[in-house]
Amino acid sequence: MKVGFIGLGHLGSVMVGRLKAEGVEPVVWNRTRAKAEALGLPVAENPAALIGGADIVILSLFDSDAVESVLTSPDGLLAGDCAGKIVVDTSTNHFERVAAFHGIVREHGASYLEAPVLGSVVPASQGALTVLVSGDADACERARPILEVLAKTLFYLGEPGRATRMKLINNLVLGTLMATSAEAVALGEAAGIDRETAVDILLAGAGNSAVLAGKREKLVSEDFSTHFSSALIYKDLHYLQDLARDLRRPLFTGSITKELYGLVRMRGIDDLDFSALYTVLRDY
């Protein structure tokens, strides 16, 4: 199966590296061409050309505006030979926009799978992501061999929209756990506890979570090089607020946490890892 890949940010570039390490050499495209050329893989001239030579195209993009652009621009995917192809969108989308993506891709004779992933660059490098899939069941089975190179666990949720909704709900937990951990470490320091000691005590007690364990070294060393940016969690929690409104449900912790990441954005460091929220709370 010939694979194309679009979107070579922090996560996308690692996913491509994983595919390459497992013997799958995708044709790639990125808005910034230099990022694509640096990978030493074939680079398509544009998304339309890429899908013409691929059976499956994987997207890893920042938001739904970026996905729509890649799909519908004059040289976008849907301007190419789409018949019988599968578009696997691992981006975290707005739940309303993703419904439209299913429709417009289907109109062009291709299948669209919304397939947001749980996990960031470390599990991606190990093929240990979790992927949530909604869309056509046959297309999911056709794409499964490629998805299983990237993901240890796959949940097929069927009906379009479900995977995206569940990804946003998962990121409610992700964002709030990180925010609580960051605040706890900052409070510990203010109370006279060494930062590393505070982190380790939290990990031995009520703060023990995959989120804090995964960010331990970043918090201890203050190395906030990006695995998953504050800009992304801020965007995801904004989408989640829209989902809660659509469901006529309040959103308590998610809304507060979104505004905490708004402080990171205001500080101009939202391109850093989302654990950098710790520095904002420490200095507040």
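Which residue forms a salt bridge with Arg216? In this model, which is a predicted one, the partner of Arg216 is Glu196, and the closest N and O atoms of the two are 2.9 Å apart. The pair links distant parts of the chain, since Arg216 belongs to helix α10 and Glu196 to helix α9, with their positions 20 residues apart in the sense that they lie 20 residues apart. Arg216 has a relative accessible area of 17%, and because buried means under 20%, it counts as buried. Glu196, by contrast, is partly exposed, with a relative accessible area of 36%.

## Salt bridges

By the rule used here, the count comes to 18 salt bridges. Three of the pairs, each of which links distant parts of the chain, are set out below.

| Pair | N to O distance | Separation along the chain |
|---|---|---|
| Arg97 and Glu68 | 2.7 Å | 29 residues |
| Arg195 and Glu222 | 3.4 Å | 27 residues |
| Arg216 and Glu196 | 2.9 Å | 20 residues |

In the pair of Arg97 and Glu68, whose closest N and O atoms are 2.7 Å apart, Arg97 lies in helix α5 (residues 95-107) and Glu68 in helix α4 (residues 64-72). Arg97 counts as partly exposed at 26% relative accessibility, and Glu68 is also partly exposed, with a relative accessible area of 34%.

The side chains of Arg195 and Glu222 meet in a salt bridge of 3.4 Å, taken from N to O. Here Arg195 sits in helix α9 (residues 195-204), while Glu222 is found in the loop between α10 (210-221) and α11 (230-246). Arg195 counts as buried at 16% relative accessibility, whereas Glu222, at 34%, counts as partly exposed. Salt bridges that share partners join Glu189, Arg195, Glu222, Arg282 and Asp283 into one network.

## Strand β7 and its surroundings

Strand β7 (residues 129-134) has six of its six residues buried, so it is largely enclosed by the rest of the structure. In a regular strand the side chains alternate between the two faces of the sheet. Both faces of β7 are covered, with Leu129, Val131 and Val133 buried on one side and Thr130, Leu132 and Ser134 buried on the other.

Which strands are joined to β7 by bridges? Strand β6 (residues 117-118) is joined to β7 by two bridges, and these strands run antiparallel, with Leu118 standing opposite Thr130. Strand β8 (residues 151-158) is joined to β7 by six bridges, and here the strands run parallel, with Val133 standing opposite Tyr156 in β8. Between β7 and β8 the chain passes through helix α7 (residues 137-150), and this β-α-β crossover is right-handed.

## Two domains

The chain is divided into domain 1, covering 3-158, and domain 2, covering 165-283. Their centres, taken over C-alpha atoms, are separated by 27 Å. Where the domains meet, 17 residues of domain 1 are in contact with 16 residues of domain 2, and the area buried between them is about 1400 Å², of which carbon and sulfur atoms give 68%. Phe62, Thr92 and Phe95 supply 42% of the area that domain 1 buries against domain 2, which is more than any other three residues. How many salt bridges does the rule find across the interface of domain 1 and domain 2? The rule finds zero salt bridges across this interface.

## Three single residues

Lys258 lies in helix α12 (residues 253-267) and, at 8% relative accessibility, counts as buried. Apart from residues up to four places away in sequence, Lys258 touches Tyr234, Leu237, His238 and Gln241.

Thr279 has its place in helix α13 (residues 277-283) and is buried, with a relative accessible area of 10%. Leaving aside neighbours within four places in sequence, Thr279 is in contact with Glu222, Phe224 and Ile269; Glu222 is also the salt-bridge partner of Arg195.

Val43 is found in the loop between α2 (33-37) and α3 (47-52) and is partly exposed, with a relative accessible area of 25%. Not counting residues up to four places away in sequence, Val43 touches Val27, Val28, Arg33, Ala36 and Glu37. The C-alpha atoms of Val43 and Phe5 are separated by 9.7 Å, although these residues are 38 residues apart along the chain.

Definitions and conventions: Residues numbered from 1 in each chain as written. Predicted model: local features only at pLDDT ≥ 70, side-chain atom pairs only at ≥ 80, totals over all residues. Heavy atoms only, no water. Helix = DSSP H or I, 4+ residues; strand = E, 2+ residues; numbered from the N terminus. Buried < 20%, exposed > 50% of the residue type's maximum accessible area, 1.4 Å probe, protein only. Contact = heavy atoms within 4.5 Å. Salt bridge = Lys/Arg side-chain N within 4 Å of Asp/Glu carboxyl O. Pairing = 2+ DSSP bridges. Right-handed = clockwise from strand over helix to strand, strands pointing away. Domains from an automatic or database assignment. Buried area = accessible area lost by both parts, 1.4 Å probe.
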